[in-house]
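Q: Please take a close look at a single part of this model, and set out the answer as one connected account.

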Amino acid sequence: MSEMMEKKPLLEVKNLKTYFHSAGGLVKAVDDVSFDVYEGETLGIVGESGCGKSITCMSLARLVECPPGKYEGGEILFDGQDMLKISDAELRKIRGNKISYIFQEPMTSLNPVFKIGKQIEEVLRVHRNMSKEEAKKEAIHALDLVRIPNPERIVNEYPFALSGGMRQRVMIAMALACSPKLLVADEPTTALDVTIQAQVLDLMNDLKKEIDTSILFITHDLSVIAEMADRVMVMYAGKVVELADVNTIFEKPLHPYTIGLISSRPDMSTTSDRLNVIPGNVPDLSDLPTGCAFNPRCPYASDKCREGISELVEVEPNHFVRCYYPGGEKHDGN
Amino acid sequence: MRKYIFKRILYLIVVFFIVSLLMYFLYNLIPSDPARNQLEALKSSLKPEVYQQMYADLRKQMGLDDPIIVRYARWMGLIPDLNGKFNGLLEGNFGFSEFFKKDVIDVVVEPMKTTIFINIFATIMALGITIPLGIYCAVHKGSKFDNFTQVFTIVGYSIPVYIIALIFIFLFAVILRWFPVSGMGTPGANYTGIRAMLDRLYYFALPLIVMTFGSLGGMTRYVRAAMIDALSMDHIKTARAKGVKEKTVIYSHAWRNALLPVVTLIISWFLGIFSGSVVIENTFNINGMGSLYIKGLNNHDYELALAMQMFYTVVSLVGALIMDLSYGLVDPRVHVDK
């Protein structure tokens, strides 16, 4: 961890705010989120559906549709540039080249009317100015890299001819074609079955070493996070609630929400029939409770939590928590 | 692919014969008697017995007393006619128009030219306006321009074409006097070449505008809806994340997908080139296919109406085949070889 800190951050997100102005009111999907991604590391983002983890990642390359979305503030420093300030043309040079994306739904993420080859070649031709022949050769190589059998044949296939796992490999090949510095994987294995999921995760880990890229990995699956991530960021209702390295998160979680998440995993060693759950539901982002958004579900909540929300505090080295009572200890008199 | 087309053509022939049989039977239900029509003029000057004799002879000569299936086969050209020659639809004889006293083929040629001329212009104009407009509205969904277009198109879509025609005549021909009220050319003028063409366009301008305007609403909304669907697909996000230009995202990635539903519409439009609009042609006094068909029906000229009907049958059958084949071209997921 300490050696990680010596490395310079590849991506610095500072106080990012991405809001949606919808008919139902203002939705603060990403509210004052700050984090860094260092070179060569995998940062995992976990959280329940609708906690803003996808929007956070979409915001990095300004992929959130505006309107209804709006970047209300903050900075996204990548490679010395503020992604929120650069022109569209400069942004396009970064998308797919230095920051690449893999999305959740392999079945719909590829254009159904273009051949696989053409879709991979497109990235190379846009960013590498390759000729058609060079791009095709490179596309075959990229497919080979993600261990697709018969890449020469697959480049001439349309997406409908491939299975979900294969399509996700194509997505990975496309994302890695230009050797990006940052790969953003938005729940890349959620739609796949477990065996395929394991293969895809192994592949991503291998390729990460091969092309030396950082990964921002979003998932709601804690077992996937345990396998992939170096550090983990936990989000709740548009805010970062805990940030630490992966072992700390699993062994010594401090935010009540993280504690709830970790203890709700099925555990082989207990004899209980029922799984532990966090009571209540994810709050509606357009109608958040005052104070800490987690307070209605939190066993340790006090009046203080209902009135205000804590800052993200470094309670121990490299372990940040946004809670007045980290670890659930009640301080009397507070 | 070739096998598929061959099979489809085979079906097409079967359907053609079934439809033609039904049509022939139906048109025979129309109370009209060609033999009586021919002799009607002589009726008063002849003795009733002589008239009856002539009438019976003529019916026999025309083959009207034969069973309907025999008459159908003769008309179709499957068996020799009374002169012992094969002379039916399949041999290129479309029949004789009792009303115009000419072969049907000669009657149809001029109106067909007129109709095709109008329709080609109207189709190109309509597609040329609606497709860019629909795409623009889809891309700028929710903007002021889009909202205005939505209101405008729903109004255009809801007003029947004959009302639009009357309003436009009143506006452009009566008040502004930009275009003539009706007709197909300056009376008495004997233009040739380009001048004749321009004169024609001048006279056809108003019906063209009305036809285009009438089709703007539905078509624009259709293209807009298809494009919005295409733009909301997941792979559009992928394309943007790849760093592709927004223009490429819209006109290549999204439009190719929007084309799948739109292509049906485009092709059916081009097939519609042959069929004239009855309302427009009658309103503007244009001698096209629509008004000819009505004329044929009103005057019991059923050979003419039947021949036209058969022509449209063939056009729509071939059109359906072209449409199915074009799906295979536009959408790789559709295989047209089974």
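What percentage of the 338 residues in chain B is made up of buried residues? Please describe chain B closely, and then turn to the open sheet of chain A.

A: The model is a predicted one. Buried residues account for 43% of the 338 residues in chain B. The secondary structure of chain B consists of 13 helices and 2 strands. Chain B is more spread out than a compact globule, because its radius of gyration is 26 Å, well over the 20 Å that the globule rule gives for 338 residues. The dimensions of the C-alpha trace of chain B can be stated as well: along the principal axes, the trace spans about 90 × 60 × 35 Å.

The contacts of chain B may be considered next. Of those between residues at least 6 apart in sequence, 68% join residues that are at least 24 apart. As for the surface, the accessible area of chain B comes to about 18,200 Å², and carbon and sulfur atoms contribute 66% of that area. Chain B carries 31 positive and 23 negative side chains, with a separation of 11 Å between the centres of the two sets.

Chain A contains an open sheet of 4 strands, in the order S2-S1-S4-S5 and with antiparallel pairing. The edges of this sheet are formed by S2(A), residues 25–38, and by S5(A), each of which pairs on one side only. Strands of a sheet pair through backbone hydrogen bonds, either parallel or antiparallel.

Following the strand order from S2(A), one finds 11 bridges between S2(A) and S1(A), which run antiparallel. Within this pairing, Glu12(A) is placed opposite Asp36(A) of S2(A). S1(A), residues 9–22, also pairs with S4(A), residues 69–78, in the antiparallel sense over 8 bridges. Here Leu11(A) stands opposite Phe78(A) of S4(A).

Phe78(A) also has a counterpart in S5(A), where Gln81(A) stands opposite it. S4(A) and S5(A), the latter covering residues 81–82, are joined in the antiparallel sense over 2 bridges. The hairpin of S4(A) and S5(A) has 2 residues between the strands, and in this hairpin Asp79(A) adopts a positive phi near 60°. Phe78(A) thus appears in two cross-strand pairs, facing Leu11(A) and Gln81(A).

Notes:
Residues are numbered from 1 along each chain as its sequence is written. Chains are lettered from A and ligands numbered from 1 in the order in which they are written. This is a predicted model: local features need pLDDT of at least 70, side-chain atom pairs count only at pLDDT 80 or more; totals for chains, interfaces and linings use all residues. Side-chain values use heavy atoms; hydrogens and water are left out. Two strands pair if DSSP finds at least two bridges between them. The radius of gyration is taken over C-alpha atoms; the globule rule is 2.2 Å times the number of residues to the power 0.38. Buried means under 20% relative accessible area, exposed over 50%, partly exposed in between (1.4 Å probe, protein chains only). Contact means heavy atoms within 4.5 Å. Accessible areas come from the Shrake-Rupley method with a 1.4 Å probe; for residues, only the protein chains shown count as cover. Lys and Arg count as positive and Asp and Glu as negative; His and the chain ends are not counted. The place of a charge is taken as NZ of Lys, CZ of Arg, CG of Asp or CD of Glu.
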